[in-house]
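Reader: I am new to this structure and would like to understand how its descriptions are justified. Could we go through them one at a time?

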Amino acid sequence: MHESTNNGSRKHWWQTGVVYQVYPRSFQDSNGDGVGDLPGILGRLDYLQGLGVDAIWISPVYPSPMDDFGYDISDYTGIHPLFGTMQDFDRLLAETHRRGLKLILDLVPNHTSDQHPWFRASRASRNHPKRDWYLWRDPAPGGGPPNNWLSEFGGSAWAWDEQTVQYYYHAYLTQQPDLNWRNPEVQAAMFDVMRFWLDKGVDGFRVDVMWHMVKDDQFRNNPVNPDYTPTMSPYQQLIPAYSADQPEVHQVVAMMRAVMDEYPERVLIGEIYLPVDRLVAYYGTGNSGAHLPFNFALISLPWDARQIARTIDQYEGALPPEGWPNWVLGNHDRPRIATRVGRDQARVAALLLLTLRGTPTMYYGDELGMQDVPIPPELVQDPWEKNVPGLGFGRDPVRTPMPWDGSTHGGFSTVTPWLPLSPDYGHTHAAAQREDPASMLSLYRSLLALRRREPALHAGSYAPVPAEGNLLAYIRQWGESRLLVVLNLGPAPALFEAPGIGTAGDVVAATHPERSGKRVGEGIALNGNEGVVVRLAPS
Ligand code: NOJ
């Protein structure tokens, strides 16, 4: 078993802090158009500060045709009028900093919009100087796409261009052509984009689909996935052995990291959906990789105590010596935690996220226990759902407006929002939860406060404690201070005992409010869906 050590070194803000993802379209509308915006976020900074998070990551707010809701960028250094102006952005950044919070932007370097001037130039003619900025190929010898690569959003990843009679590659929508990251001009252009925002003072980037950025230079066919079943996304029919996670991607990440290192105290986060052994390669060696390659284990694994326990140990054991762990519980692409595991168990999930070793990232609204909102077909917005309807891949249900209060449109907007509010927002909104000590919001606030004041939680070591069945247990330690975390991931009561370690101590946080502040002795009788954090006596 791996046991992390306290090496006493000073930690960076992105190690001790908690990241909160805002999906700007759905956080707060300030100008009555039904879509959230930058002044809206600005108006909610008090809430975020009161909640107790440290950094805000905002999904893309750049000019975009919105084919993929901002992940199709037509100008990397502007602000879409839907979200406000550059002055609004500057004000948001200044106000965020004034409150001691950090602001992280979404960088989408793998692909642009097909409306970006770079792509318009590239598709203008075969000998345009920017032709090689994207991935253009001739048809296969017998006609048709150059190889079998598939788009993550369904169908071939190759789109035909009538005018120049070649195909271009797009890992996502046809309107999102992939840049050619082997081209030094592309590299230089994107590094300038990074510097533009870093010069303004943004505190870091979350890099979209980092593992996709470099593809096989021979464009070899991907192998068939023998484990594919029709309930999976059509993209999973093939194993993306040649279209993603190529060895050369690490050179690109290293160059990005070097740009970050031109500035003090910035963070490079990579969006990477890979198994643990491949994921940790994105830390690089020395200071050459991402500070935080997003760890999506809690999103991807079945909610099973034994599997989660094994994965935590595997992840802790696989980290490179200087690699700092991180955990993500939700995002704008995946089902919400309270829908996956239910509202009661989502409280246990909150305890897990906020007591594990490493930077937690939470998704807006999860602190209210927000659930996926069913979207009727006529209101569907997400292109993925439109491409492969009815398979359950649509992401609209997890992107619905934040319910702030009980007023019409939940205080999110004065008009009908772009996606509907949750039907139960009338009693689950933030204002109601703030008054209720037993609410999910109160639980998150107390856990965030505890994490902030306890070095054992934000900086301490992690050691697993043997547990069985639905129980998950570990100790976080800093100096003499030891916190025992015991979580019941199932609905049935369970007794936890830790012979040789002991469980006696004071409960400092709990999913069940009546437990807080009480003492527990040897052996903890947990209710179903219950989690506790116990301060153990110094050993
Ligand atoms: C990952 C983003 O999180 C997702 O929302 C987007 O559709 C794809 N990348 C393409 O940019």
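Reader: Which order do the strands of the open sheet of 6 strands have, and in what sense do they pair?

Author: In this predicted model, the open sheet has its 6 strands in the order β12-β13-β14-β19-β16-β17, and the pairing is antiparallel. β12 (461-465) and β17 (519-520) stand at the edges with a single partner strand each, so one side of each has no neighbour in the sheet.

Reader: How do you know that β16 and β17 pair?

Author: Pairing requires at least two bridges between two strands, and β16 (residues 505-510) and β17 have 2 bridges in the antiparallel sense, so the requirement is met. In one of these strands, β17, arginine 519 is the bridge partner of aspartate 506.

Reader: What makes β19 a partner of β16 and of β14?

Author: The same cut-off of at least two bridges applies. β16 and β19 are joined in the antiparallel sense over 5 bridges, while β14 and β19 are joined, also in the antiparallel sense, over 6 bridges. On the side of β16, alanine 510 stands opposite valine 532 in β19, and alanine 509 has valine 533 of β19 as its bridge partner. On the side of β14, arginine 482 stands opposite leucine 536 in β19.

Reader: Why is β19 called largely enclosed?

Author: A residue is called buried when its relative accessible area is under 20%, and 5 of the 6 residues of β19 are buried, so the rest of the structure largely encloses this strand.

Reader: Which helices lie across strands of this sheet, and at what angles do they run?

Author: Helix α10 (residues 305-318) lies across β12 and β13 (471-478), and its direction is at about 35° to β13. Helix α12 (residues 343-355) lies across β13, β14 (481-488), β16 and β19 (531-536), running at about 150° to β14.

Reader: Turning to the ligand, how many residues surround it, and which are the closest?

Author: The ligand is surrounded by 14 residues, of which the closest are Asp68, Asp208, His332, Asp333 and Arg395.

Reader: What makes the approach of aspartate 68 to the ligand a polar contact?

Author: The cut-off for a pair of N or O atoms is within 3.5 Å, and a polar side-chain atom of aspartate 68 lies 2.5 Å from an oxygen atom of the ligand, so the pair qualifies. For arginine 206, an N or O atom of the side chain is 3.0 Å from an oxygen atom of the ligand, and for arginine 395 the corresponding distance is 2.9 Å. Taken alone, the ligand exposes 300 Å², and the protein buries 97% of that.

Reader: Why is valine 280 called buried?

Author: With the limit for buried set at under 20%, valine 280 counts as buried because its relative accessibility is 11%. Valine 280 has its place in the loop between α8 (276-279) and β9 (292-293), and, not counting residues up to four places away in sequence, it touches Ala318, Leu319 and Pro320. The C-alpha atoms of valine 280 and phenylalanine 294 are separated by 9.6 Å, the two residues being 14 residues apart along the chain.

Reader: What makes the phi of valine 209 worth a remark?

Author: Most residues other than glycine have a negative phi. Valine 209, although it is not a glycine, has a positive phi of about 35°. Valine 209 is placed in the loop between β7 (204-207) and α7 (249-260), and at 2% relative accessibility it counts as buried. Asparagine 529 is not a glycine either, and has a positive phi of about 55°. Asparagine 529 lies in the loop between β18 (524-526) and β19, and counts as buried at 17% relative accessibility.

Reader: How do you know that aspartate 54 is buried, and with which side chain does its side chain make a polar contact?

Author: Since buried means under 20%, aspartate 54 counts as buried at 18% relative accessibility. Aspartate 54 is found in the loop between α3 (45-51) and β2 (55-58), and its side chain makes a polar contact with the side chain of arginine 452 at 3.2 Å, a value that falls within 3.5 Å. Not counting residues up to four places away in sequence, aspartate 54 touches Gly17, Val18, Gly100, Leu101, Lys102 and Arg452.

Notes. Residues are numbered from 1 along each chain as its sequence is written. This is a predicted model: local features need pLDDT of at least 70, side-chain atom pairs count only at pLDDT 80 or more; totals for chains, interfaces and linings use all residues. Side-chain values use heavy atoms; hydrogens and water are left out. Helices (H or I, at least four residues) and strands (E, at least two) are DSSP runs, numbered from the N terminus. Contact means heavy atoms within 4.5 Å. Axes are lines fitted to C-alpha atoms, for helices over the stretch in contact, and angles run from 0 to 180 degrees between N-to-C directions. Buried means under 20% relative accessible area, exposed over 50%, partly exposed in between (1.4 Å probe, protein chains only). A residue is near a molecule or strand if one of its heavy atoms lies within 4 Å of it. A polar contact is a pair of N or O atoms within 3.5 Å; within protein, one must be able to donate a hydrogen and the other to accept it, and residues adjacent in sequence count only if both atoms are side-chain atoms. Accessible areas come from the Shrake-Rupley method with a 1.4 Å probe; for residues, only the protein chains shown count as cover.
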